[in-house]
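Please open the model in your viewer and keep the sequence beside it, so that each selection can be made in both places. Take your time at every stop before moving to the next one.

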Amino acid sequence: MPESKPGPAPEQPPKVWETGEGLDGGRVPGTRRLYLAGALALAVLAATVTAISILDRSGDDSSQGPQNTSAAEPIVPEVNPTVPTTEPSGKSGLSSPEPEPTDAASDASKGSGSPEAQQHGSEPRPEPSKPASSSKPPAKAPSTSRKSVQAVNYPDRYWHFSDGAGRLDRVSSRSSAETRRESTFTLVSGLADSDCVSFSTGDGGYLRHINFRLRADRDDGSALFEKDATFCPRPSSYSGAVMLEAVNYPGRFLRHRDFQLRLDPYEYSGLYQADSAFRLVDGLG
């Protein structure tokens, strides 16, 4: 009996979940909601990925971009000399070319109050405070040392005394012999303190402060005159220069202002540091 060949397999109907239609051609309940839920999930996922990508890119740009400063806030370099944060104190040998600043033993407020009114009367400080002691004794100036006093920030100007009044004037080798002589002094041990100095004018007079102005006067032999004519060299922030502190007004230093020589309280400013720094050079006259 001849074998019968199998016929083609009957076509399988599509699954319900593939078409969303039932056997009768109607839509299976709930499939629309499944489509919507899937589409919403895909949309949320795409939005999340996009947001993360944008945040990462903006973070990189902000960390690598240049930092701009406002045009209203320019960067100004500091040009002032180093200003000591404490008032100079202790002894300074006049032969030392580069005195080193030391810590202060007193504050500039010692010169506060109304010393102008005090100086018109009796001595303001009969017992001046002693500066901090140093492990190395200072080198004392020789009694016959002829010196001229040069301003650090005006190197062509020197202390010059005419008719007793002191100014910071231009003096050079071309100046008259009288001008050079009036700008030269003999440096001696301090009249009121041998550790400090006095400036002799050579005719029985000395440089002294009176009403906080520096002038040349004859020695009247009083204790007040001796103290007014005694100044203690202190370290300066400028190489080879000193500051000169009044022995009877601790905290006040000689300085020039408008080319007048005066005794002013210590200030923490670059201008004061420059105006109160002087170099003791070989005598001009």
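The tour below visits a loop residue, a nonpolar core, a pair of strands and a second loop residue, in a model that is predicted.

**First stop: S183**

Begin by selecting S183, which you will find in the loop that runs between helix 4 (177-182) and strand 4 (185-189). Is this residue buried or exposed? S183 counts as buried because its relative accessibility is 0%, and the cut-off for that word is a relative accessible area under 20%. Now show its side chain, which reaches the backbone oxygen of T179 at 2.9 Å. If you then display the residues that S183 touches, leaving out those up to four places away in sequence, you should see K147, S148, W159, H160, V171 and L284.

**Second stop: the largest nonpolar core**

W159, which you have just displayed as a contact of S183, leads on to the largest nonpolar core, a set of 23 residues in which W159, F161, F199, L207 and L214 touch the most other members. Colour the strands next, since several of them, including strand 1 (145-151), strand 2 (157-162), strand 7 (213-218) and strand 12 (278-282), each supply at least two residues of this core. Which strand gives the most to this core? Strand 9 does, with three residues.

Stay with this core and select L214, which touches W159, F161, G166, L207, R208, H209, F231, L254 and L261 when residues up to four places away in sequence are not counted. Apart from this core lies another one, made of five residues, and you can look for V152, Y238, A274 and A277 among them.

**Third stop: strands 4 and 5**

Turn now to strand 4 and strand 5, which pair in the antiparallel sense over four bridges. To see one of these links, select T186, whose bridge partner in strand 5 is S200. With the side chains of strand 5 shown, notice that V197 and F199 point one way while S198 and S200 point the other way, and that all of these residues are buried.

**Last stop: T201**

Finally, select T201 in the loop between strand 5 and strand 6 (205-210). T201 is partly exposed, because its relative accessible area is 26%. Its side chain makes a polar contact with the side chain of D203, at 2.6 Å. Leaving aside neighbours within four places in sequence, T201 is in contact with F185, Y206, L207 and A216. To end the tour, look at the C-alpha atoms of T201 and A216, which are separated by 7.4 Å although the two residues are 15 residues apart along the chain.

Technical notes:
Residues numbered from 1 in each chain as written. Predicted model: local features only at pLDDT ≥ 70, side-chain atom pairs only at ≥ 80, totals over all residues. Heavy atoms only, no water. Buried < 20%, exposed > 50% of the residue type's maximum accessible area, 1.4 Å probe, protein only. Polar contact = N/O pair within 3.5 Å; in protein donor to acceptor, adjacent residues only side chain to side chain. Contact = heavy atoms within 4.5 Å. Core = buried A, V, L, I, M, F, W, Y, C linked by side-chain atoms within 4.5 Å. Pairing = 2+ DSSP bridges.
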